[in-house]
Amino acid sequence: MTWTPSPMPSATPSSSSPRIVLGVSGGIAAYKAVELLRLLRDEGFFVSPVLTPDATRFVGTVTFSALASEPARTSLYGDPTTPIPHTYLGQHADVIVVAPATAHLIARYAAGLADDLLTATLLASRAPVLLCPAMHTEMWEQPSVQENLATLRRRGVLVLEPDVGALAGGDVGPGRMREPQEIADLVKRLAHGFEGPLTGRRILITAGGTREAIDPVRVISNRSSGRQGYALAEVARRLGATVTLVSTVNLALALDVVRDVDVVKVQSASEMHDEVLSRLSDVDVVIMAAAVADFTLRASKVKLKKEQGPPELRFEATADIVSDLVAKKSARQVIVGFAAETTNVEQNALGKLRAKGVDLLVVNDVSAPGVGFEHGTNEVVILDRDEHAYPVTLRSKEAISYEILARVASLLTQGDS
Ligand code: CTP
């Protein structure tokens, strides 16, 4: 992240300090939880560490007790301060963060088990919960792990997806826990309500590939999954923006999204055009992450029959939404376009930047490995109006979103002055 986080008072925790339960489960990333604890204490939070028995194989309770606001707990039983520590912790927590969250912890939480103090506390609480998974790539990609996370997300749990990076044993891949500073920033926003560099800004984001009807049954579409648009919506919300998502797909179950995001469902390029343009005057920013069809066709009202042979499809051009936005926007509004390219990436991207007149153009070479459509990761170059290029190397779509939104925030600030 490139912006300066909004200042928060660093203070000694008082009785009114937000209370954070820091859950630690048994993975090598447990050592990073010590740094997270320190950062949370520096923010003035009252932090209660809860370690699973396996976590204590990686880190000692003494370290946590020394840094925390009260002694670290590891068991449902034998607590000298209260006979029922899970309800005490769960009911008083303003936020519960679990870092690292192992595959085992995620499975137990998803199944509603309460077989240790941490899972019992999670069940005994109505506070927002943030899970920070950390595990080897093979484990992270297991359908069982992903389905458990989808279940938890559906119940409102936030998941800070792991990064691609160095893992235990010298391996490299997705599964590395996010850095303590980033986790602490998100906990801060959860504890204080979402506040950040986009607080007070209204952002409209489009997501997914449009679907152009051939007849009532068949459509022509493209391979856009909508994941980049959803990740942008999620991150914009975390950074304080009021977000509207105009989308052809519903990924609410697959991604962390979307508490408090207004989702408008559309199908065709023309529907997306009308929904977006009619909202332009209500927003400060539009980010066109959707893959909009360049051509549509007049749909048959009835299903075409096979016996009639291959249909002759007559295409006609759609309106270019982003160009219409640029033509109508005020000087203070920011319009962000995307460019999906496969050849002559640089040249095509510069041509698109000039032709569309957008404030920022996010360029991806969708033929490169791990990039663009249907992937959880992306690699982009962000071009600004002055044709400066900011390359963002391969990382999660959520991490890419932070980079894009940092540039948006800085353009908005420039527009204010
Ligand atoms: N876009 C749009 N309306 C369209 C087509 C595209 O607003 N009818 C937007 C996309 O949302 C994206 C940007 O324009 O932000 C570039 O889209 P892309 O598909 O990369 O380029 P095109 O302009 O469609 O050109 P080409 O397909 O020839 O590369």
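The chain holds 13 helices and 19 strands, and what you have in front of you is a predicted model. Let's walk through it, starting with the overall dimensions.

The C-alpha trace spans about 75 × 60 × 40 Å along its principal axes. For 417 residues, a compact globule would have a radius of gyration near 22 Å, and the 24 Å found for the chain agrees with that.

**The eight-stranded sheet**

Eight strands make up an open sheet with mixed pairing, in the order 12-11-8-13-16-17-18-19. Strand 12 (262-265) and strand 19 (389-396) are the edge strands; each has a single partner, so one side of each lacks a neighbour in the sheet. From one strand to the next, the twist averages 20 degrees.

At one end of that order, strand 11 (residues 242-247) pairs with strand 12 in the parallel sense, over four bridges. Within this pair, leucine 245 has valine 263 of strand 12 as its bridge partner. Helix 10 (residues 269-279) packs on the sheet here, touching strand 8 (202-207), strand 11, strand 12 and strand 13 (285-288). The direction of helix 10 makes about 170 degrees with that of strand 8.

Further along, helix 12 (residues 345-356) lies across strand 16 (334-341), strand 17 (360-365) and strand 18 (377-384). Relative to strand 17, helix 12 runs at about 155 degrees.

**The five-stranded sheet and a hairpin**

A second topic is the open sheet of five strands, which has parallel pairing and the order 2-1-3-4-5. Its edges are strand 2 (46-51) and strand 5 (158-159), each with a single partner strand, so one side of each is left free of a neighbour in the sheet. Strand 1 (residues 19-24) runs parallel to strand 2 and is joined to it by six bridges; arginine 19 has phenylalanine 46 in strand 2 as its bridge partner.

Strand 6 (residues 163-166) and strand 7 (residues 172-176) run antiparallel, with four bridges between them. Valine 164 stands opposite proline 174 in strand 7. This hairpin has five residues between its strands.

**Backbone angles worth a look**

Some backbone angles stand out for inspection. Proline 100, found in strand 3 (residues 95-101), is joined to alanine 99 by a cis peptide bond. Asparagine 344 and glutamate 387 both have positive phi without being glycine. The table puts these next to the glycine of the hairpin.

| Residue | Where | Angle |
|---|---|---|
| Alanine 99 and proline 100 | proline 100 in strand 3 | omega about 0 degrees |
| Glycine 169 | hairpin of strand 6 and strand 7 | phi near 80 degrees |
| Asparagine 344 | loop between strand 16 and helix 12 | phi about 40 degrees |
| Glutamate 387 | loop between strand 18 and strand 19 | phi near 65 degrees |

**The largest pocket**

If you are thinking about cavities in the surface, the largest pocket has a volume of about 830 Å³. Its lining counts 41 residues, and Ala290, Ala291, Val292, Asp294 and Ala340 lie nearest the centre. Two or more lining residues come from each of helix 9 (227-238), strand 14 (295-297), helix 11 (321-328), strand 16, helix 12 and strand 17. Strand 16 gives the most, with four residues. By class, the lining has 19 nonpolar, 15 polar and seven charged residues.

Strand 16, strand 17 and helix 12 therefore link two parts of this report: helix 12 lies across both strands, and each of the three contributes to the pocket lining.

Conventions
Residues are numbered from 1 along each chain as its sequence is written. This is a predicted model: local features need pLDDT of at least 70, side-chain atom pairs count only at pLDDT 80 or more; totals for chains, interfaces and linings use all residues. Side-chain values use heavy atoms; hydrogens and water are left out. Two strands pair if DSSP finds at least two bridges between them. Axes are lines fitted to C-alpha atoms, for helices over the stretch in contact, and angles run from 0 to 180 degrees between N-to-C directions. Contact means heavy atoms within 4.5 Å. On a 1 Å grid over the protein atoms alone, a cavity is a set of points where a 1.4 Å probe fits but cannot get out, and a pocket is an open set with protein on both sides within 12 Å along at least five of seven lines; lining residues have an atom within 4 Å of a point. Grid points are joined across faces, edges and corners, and a volume is the space filled by probe spheres set on the points. Ala, Val, Leu, Ile, Met, Phe, Trp, Tyr, Cys and Pro count as nonpolar, Asp, Glu, Lys and Arg as charged, and the others, Gly among them, as polar. The radius of gyration is taken over C-alpha atoms; the globule rule is 2.2 Å times the number of residues to the power 0.38.
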